[in-house]
Amino acid sequence: MLAPSTSVSPAKSAEDDSNDTIGAPRRAGATWADAWQTSGLFAVLVCLVLLRPIRLVATHSLTSADLLQTSSIWNVEPAYEPENPLLGDPVAQFQPWLAFDARELARGVVPLWNPLNAGGLPQLANYQSAVFSPFSLPGYLLGPKLGALVSTWLQLFVLGVFGALFLRELGLRRLAAWLGGVVFAFNGFTATCASYPHVGVFALMPVLLFTLERAFRGVRERGRVSFGACVALAIEAALAAYAGHPETLFFVACVVTGWALLRLLLDRRELAERRATLRLSCALVSSAFAAVMLAAPQLLPFLEYLPRSSVFGSHRLESMHVAVDNLPLLCFPDLAGAPRAGELVQATLPTPVYEEVVANSPGALALWCALLAWLFARRDPRQWFVGCLALVWVPYAYDLGGFGGAMRALPVFELVPAARSQPVWIPALAISAALALDGLLSAASRGLGSRLVRSGAVVAVALAFAAVCEWAARRYSASIADALAAAQPTARAAIEAHRVAVLSSFALGAAAVAASLLVASPKLRATLACVLIAAVFFQSGWSLRGVVPTVEDRLVFPITEAGRTLREHVGADTLESTPFGGLLPHTNMTLGVRLLSSYDGLELRAYEDLRTVFLGHGAKAHTATRPTIKGLVLFGASYLLCERSWMPADGELARARVVKSNHEYLTEPVTTAAPLHASFVAADDRLQGVLLRVAKAPDPRCSVRVTLRDDTGAGIAQRVARLDQLDFIGGGRRNLPLTFPPVERAFGRRFELDVEIVESDGLPGPTFLAAEDWDRLRVRDVQRRQRLGRAFTEPAALDQLDRLRQGERELPGGLWLDFAYVADRFTTVAELGTARLHRLKGAPGRAWLVPGAEFVADERAAFERVVAPDFDPRSSVVLIDPQASAPVVKHAGRRKLESRTSESQHSSWATSTAAPAWLVVAQSDYPGWHARVDGQPAPRLRANYALTAVAVPPGEHVVELVYEPRSFALGCLLAATAIVGFAGAGLIVSRRRAAARARAVAA
């Protein structure tokens, strides 16, 4: 409980004011008066930061979901510009997950499994889904609109209030505690990641620190460990574990543990006198152990998922250090532009992206205040602790001198991105700034000479700091001069206004600090301290208030006509989308359709490995960059959503795995003066399309003629296309497809392609994408095909696979071309704006029966067999069984399959077979799934390296798959045990206290 409000005598107050060390006589901790006043202050400040979404709550939502307006599936307003195009993770992950969780909970089901992405993924075990987060509760109860606003308000409020109460518990003055609370609550991290679960975890850090201090104070004052404080610590730590982000939780745990060790070290003498050190240490360890047990329903599924995820595979997370060039953004977060205003100069800041760079910013004034702690609290061991945290964090986060890379050699740090370590940096600055202001107020009561010296030191430090900031800002601006020159005039003006606002508010805050050292009136000093707090709030709260935009409700995951059409066609089947198809995972969850793609830091490693081969570059590519028919069949997809002008399935451009940025392309091949001539060798039969990609079109009204001829010189197809009528695919690029009836036996034949401008107003002609190493890329692709004849294995022939000429001049490399070989295997079923929905002819669907099985000895052999060109997933299944006597088993006969139920954690099928068969389900293989045949347990088999199969006996049967993970059941048992243990311990403590009171009365 909070301490009662107490009055302090003037003598005592003066004594306290004259000491700023840990050994000074302690003032009372946080009182109820502190709690009410602090709550009122931060309720107002949070409402100011969220003023716009609160004022527009009837018609707007606090979300960046308007960025989906770039997709034809979601578009309701043509040519709409998203307010913050860089804040994509909440839209692609957290908000769809929350909506899915709410639907599952509403029907009485714990959302343990997500069946709608990547063949199914663990939902609860995917830590960031934040199923049981206390900050997800508003979304469940109030809906996504009010829930997002209330959750954000609560996070900032909890951070500010408990940050200030924690500092009051340390004995700091109220104004100093409020300054620290402002730094805790308002900074780049809470502004840019307000829609992330990261802030929810961080919000519980000051709560834990406050309760920890209360536990220490209880031992010092009463000589015994508070049972209530231990229970509160366990519950708060468990809530932090449930809040939804393991990396943030790791850093929070490191700081809280370090603080507990510091307090034990500093109070060891006082605690030793009361023989309480061991008991307190045991109590803290017990609380941590109880917290783990309470959080076991979340932790155990996550620990089961983690070793099976891509984190331990070929797509391991990088440490994501922040580029050193971005250090000036610590003080000037909008120095590269503000995406919330559509004025971002650098669309892609050096890795990591905008929100991860700006998340480190506390504001220039807060950073300066933290530096002042070395003047006013340098003898305080607490300042040494948090100061060392900050000094270690900077080289770790920015990898100065290779320090960050060296840290990755330590256990756990290899898996934790340094760009997520703000829970170390922000609290260190908040505590330092509070200690500085507390020491400043203490120093103000000293002699005039001492105050003059300290005021001069403050001014000198302020001038030096401002000079360094200004120099860094100008240097950074010079590094992006080219981007500034190309930016809109409003961007330059906004950046300059931001720089002036930061420096002006810094000057105001520094002047208030210097002046407070020269005045004797306590009220005037308090007023100047309030000016400092207001200036810090302006920089870190008010100026960053719009990073998460407030957009009209009609733009928030709208169910458009295109979305309804897509849902009606796909139904219970599975869909895959290409990057320009317009359906970003996991936004498909709001439509209720299955999508093969996933976008998350955790993926099932086996599924992603297989998906990378057949569909693209895995989760980080978001959607299928290289879709193949075999991949669609293997993963149970019946539909492919892609850009309107081109069918990319089994396209050669995608198979070549070209990953380049625009500046790495040749940009000279096409001019108005000379036609472009390219030749290529087809790498497959039934050539039925060629795609060119326009890189730039200075004159969109320009018309281009494209002519295709075969090796005999006969014309195959010709097209005259006006550039502004071509599909725009972003980045200034457009698709120019040339389609025609299939050319049979095209494999190995050379084709000629001519491109010339037929109409132009004299402006420079279009530029087509070309790559200097295109011929080498195609050679590697052709060699992978394993279907080439002898002529194509000769080095000389391979060197001539592609040719590129402009006029009479031979150019290196080749045009960036794609070729269609299987477009007629699809049927176009719907036009969805700039996208088309195609159905794969003869697709078996999500589940099918196969008559044959191939047994292999291990995972590696299974992978190699599945990716082999002669493996057909429709007629056979690859199973792992080292003891199998026969490597191949086949059964002939009639087979019939009918789907009966399809729910998130339960599916069933009716089968009818004349001979034994195998039911193959395009669902990720994962522990916790159990198979049943006619209600009886049956073996669940790992099929085709990453999927699921069940052996089906002849006759008519009902086959079921049920998700009942033992990890979750065991976690619930441990949590229940912890609750029962708390209840029993509480009863024992209550009886002992009652007995002690009875003995005292009797005495």
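**Reading strands, sheets and rings**

Biologist: In this model I see Val694 facing Arg734, the latter in E13. Which strand pairs with E13, and over how many bridges?

Modeller: Keep in mind that this is a predicted model. A residue standing opposite another is one spot in a ladder, and here the ladder is made by strand E9 (residues 687-696) and E13, antiparallel, with seven bridges.

Biologist: How many residues of strand E13 are buried?

Modeller: Buried means under 20% relative accessible area. In E13 (residues 733-743), eight of the eleven residues are buried, so the strand is largely enclosed by the rest of the structure.

Biologist: And across the protein, what share of the residues is buried?

Modeller: Buried residues account for 56% of the 1003 in the protein. The accessible surface is about 39700 Å², with 60% of that belonging to carbon and sulfur atoms. As for the parts list, you have 32 helices and 34 strands.

Biologist: Now sheets. What is the order of strands in the open sheet of six?

Modeller: Read it from one edge to the other: E11-E10-E14-E8-E17-E18, with antiparallel pairing. The edges are strand E11 (715-722) and strand E18 (809-811); each has a single partner strand, so one side of each lacks a neighbour in the sheet. From one strand to the next, the twist averages 20°.

Biologist: How many bridges does E11 share with strand E10?

Modeller: Seven, in the antiparallel sense, with E10 spanning residues 703-709. To get your bearings on screen, find Ser703, which is opposite Arg722 in E11.

Biologist: What about the open sheet of five strands: what is its order, and what sort of pairing does it have?

Modeller: That order is E6-E5-E7-E22-E21, and the pairing is mixed. Strand E6 (594-595) and E21 are the edge strands, each pairing on one side only. Moving inward, strand E7 (residues 639-643) runs antiparallel to E22 and is joined to it by five bridges; Tyr639 has Arg839 as its bridge partner in E22.

Biologist: How many residues lie between E21 and E22 in their hairpin?

Modeller: Two, and Gly833 in that turn has a positive phi of about 70°. The strands themselves, E21 (residues 826-832) and E22 (residues 835-840), are antiparallel and joined by six bridges, with Phe826 opposite Leu840.

Biologist: Which helix lies across E21 and E22?

Modeller: Helix H24 (residues 561-570) does, and it also lies across strand E5 (574-577) and E7. Its direction is at about 150° to that of E21.

Biologist: On to side chains. How many aromatic pairs are there in the whole structure?

Modeller: A full search turns up 30. For each pair, check the distance between ring centres and the angle between planes. Phe94 and Tyr196 have centres 5.2 Å apart and planes at 55°, so that pair is tilted. Phe94 sits in helix H4 (residues 89-106), and Tyr196 in the loop between helix H7 (188-192) and helix H8 (197-203), so the pair ties together parts 102 residues apart in sequence. Phe94 is buried, at 9% relative accessibility, and Tyr196 is buried too, at 2%.

Biologist: Why is the pair of Phe166 and Trp259 called edge-to-face?

Modeller: An angle over 60 degrees puts a pair in that class. For Phe166 and Trp259 the planes are at 75° and the centres 5.5 Å apart, so the pair is edge-to-face. This one links distant parts of the chain as well, with Phe166 in helix H5 (residues 137-169) and Trp259 in helix H11 (residues 246-266), 93 residues apart. Both Phe166 and Trp259 are buried.

Biologist: Which residues do ring pairs link into a cluster?

Modeller: Trp113, Tyr305, Tyr926, Trp929 and Tyr963. Charges can sit over rings too: the charged end of Arg545 is 3.9 Å from the ring centre of Trp542, and Arg942 lies over the face of Tyr945, 5.1 Å from the ring centre.

Biologist: Last one: is Gln69 buried or exposed?

Modeller: Its relative accessibility is 4%, so Gln69 counts as buried. Gln69 belongs to the loop between strand E1 (60-62) and H4. Beyond its neighbours within four places in sequence, Gln69 has contacts including Trp74, Tyr80, Leu555 and Pro558. For the protein as a whole, 78% of contacts between residues at least 6 apart in sequence join residues at least 24 apart.

How values were computed. Residues numbered from 1 in each chain as written. Predicted model: local features only at pLDDT ≥ 70, side-chain atom pairs only at ≥ 80, totals over all residues. Heavy atoms only, no water. Phe/Tyr/Trp six-rings, centres within 6.5 Å; stacked < 30°, edge-to-face > 60°. Helix = DSSP H or I, 4+ residues; strand = E, 2+ residues; numbered from the N terminus. Buried < 20%, exposed > 50% of the residue type's maximum accessible area, 1.4 Å probe, protein only. Lys NZ or Arg CZ within 6 Å of the ring centre and 35° of its normal. Pairing = 2+ DSSP bridges. Axes fitted to C-alpha atoms, helices over the stretch in contact; angles between N-to-C directions. Contact = heavy atoms within 4.5 Å. Areas by Shrake-Rupley, 256 points an atom, 1.4 Å probe, with all protein chains shown as cover.
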